[in-house]
Amino acid sequence: IKEQIQRLKKTNAKKFPLFDFKTNNSVRGSPQHDGDRKLQQYSVMCSEGYIGYEFWGGLAFDILNNYLNNLPGKTWTLCPNTVFNGDISIDVSGSELTYLWVLQSNTVLRCGTSGSSDGNCIIANGGFSGVTIERADSDPAVTGVQLQGLTFGTTSTYGANVYGVVAQDDTEATIQDCVFEGTVSTNDALYFGVFTSGGVVLSIVDSEFSNNIYGTGIVAGSSSVSISRTRFDDNFNVYTNNMISAINGGTLVMTDSCFTKNIGVFADGVVIIDAT
């Protein structure tokens with residue numbers, strides 16, 4: 001799909017439609033058009049009185065569209081008190097995109113205008129990941145990405161994504177005041193809260209991992225991860241993974257964080273740092 005994205009970007013996305021947005025869920029609000037660029041925008045008026053998004057597929061579509069039109073990264077606001085169904089499908093010239101894909105530097109996803117987890121912006125359901133941050137093959141590294149106040153987990157209707165957040169390819173990003181809660185692993189899927197690989201520099205601040213039954217909360221794979229003022233409460237690890245793992249040369253710095261009532265059945269402790 002990266003090859004398709006690069007080809008579409010070179011053709012200039014003014015020639016819409018270059019890809020189709022498909023879903024089983026209805027969209028509140030009609031696509032709007034932004035001058036000559038004809039950007040399809042699925043934003044709505046949040047009940048709080050400002051423009052934001054109530055539909056995960058529409059948000060993913062507009063973020064990708066923004067990238068294809070060579071526009072700068074921007075802040076995207078999620079409407080508070082909303083459950084976002086991550087089960088999406090965007091047809092990119094025959095290739096299927098099933099997650100929200102951040103390919104631009106300085107992209108900010110925030111819950112409400114304050115970016116607080118108290119806003120209850122819950123991302124659930126879906127397949128591979130809630131949010132994936134990486135660069136397209138010929139692009140520079142993606143930097144300055146921020147996730148603010150998002151909750152990745154389950155609801156009475158939806159299960160969780162396999163990964164909450166995936167960051168790859170020398171990405172630099174911050175996860176602030178986000179919650180990862182209520183995920184349950186099965187024999188078919190080991191859930192991960194945050195997964196990094198390939199030289200990522202990631203900061204996790206003022207966040208919470210709680211009431212999860214899964215494989216690993218955080219993986220620092222050949223990446224640098226710093227964690228501060230973050231809680232890990234009532235997590236039950238039923239597999240051989242650890243709550244936090246620094247592997248393949250990954251580094252981990254933790255400050256002012258707290259672990260309470262976490263259980264690892266087969267894992268060697270809550271945190272493991274692989275010497276390799």
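Which residue in S24 does Val219 stand opposite? Keep that question in mind while the first selections are made; the answer comes with the second sheet.

**Before selecting anything**

This is a predicted model, in which local features need pLDDT of at least 70 and side-chain atom pairs count only at pLDDT 80 or more, while totals for chains, interfaces and linings use all residues. Residues are numbered from 1 along each chain as its sequence is written, and side-chain values use heavy atoms, with hydrogens and water left out.

Colour the chain by pLDDT, the predictor's confidence in each residue, from 0 to 100. The mean for the protein chain is 82, and 80% of its residues reach 70 or more. Now select residues 13–40, where pLDDT stays under 50 and for which the model has 73 contacts beyond four places in sequence, a contact meaning heavy atoms within 4.5 Å. Where pLDDT is low, the predicted coordinates should not be read in detail.

**The sheet from S4 to S25**

Strands (E, at least two residues) and helices (H or I, at least four) are DSSP runs numbered from the N terminus, and two strands pair if DSSP finds at least two bridges between them. Select S4, S9, S12, S15, S18, S21 and S25, which in that order form an open sheet of seven strands with parallel pairing. Strand S4 (75–78) and strand S25 (251–255) stand at the edges with a single partner strand each, so one side of each has no neighbour in the sheet. From one strand to the next the twist averages 15 degrees; axes are lines fitted to C-alpha atoms, for helices over the stretch in contact, and angles run from 0 to 180 degrees between N-to-C directions.

Walk inward from S4, which pairs with S9 in the parallel sense over four bridges, and show Thr77, whose bridge partner in S9 is Arg110. Arg110 also stands opposite Gln148 in S12, and S9 and S12 pair in the parallel sense over three bridges. Continue to strand S12 (residues 145–148), which four bridges join to the parallel strand S15 (residues 172–176); there, Gln146 has Thr174 of S15 as its bridge partner.

Add helix H2 (residues 56–68), which lies across S4 and strand S9 (108–111) and runs at about 175 degrees to S4.

**The sheet from S8 to S28**

Select next S8, S11, S14, S17, S20, S24 and S28, seven strands that form an open sheet in this order, again with parallel pairing. Its edges are strand S8 (100–102) and strand S28 (271–273), each with a single partner strand, so one side of each is left without a neighbour in the sheet. Neighbouring strands here are turned by 10 degrees against each other on average, direction ignored. Strand S20 (residues 216–221) and strand S24 (residues 244–247) run parallel and are joined by four bridges, and the residue opposite Val219 is Ser245 in S24. H2 packs on this sheet as well, touching S8 and strand S11 (129–133), and its direction makes about 30 degrees with that of S8.

**The cavity**

Finally, show Phe152, Asn161, Gly164, Thr183 and Phe192, which lie nearest the centre of the largest cavity among its 13 lining residues. A cavity is a set of points on a 1 Å grid over the protein atoms alone where a 1.4 Å probe fits but cannot get out, and lining residues have an atom within 4 Å of a point. The elements giving two or more residues to this lining are strand S13 (150–153), strand S14 (163–168), strand S16 (179–181) and strand S17 (192–197).

Terms used
1 Å grid on protein atoms, 1.4 Å probe; cavity = no way out; pocket = protein on both sides within 12 Å on 5 of 7 lines; lining within 4 Å.
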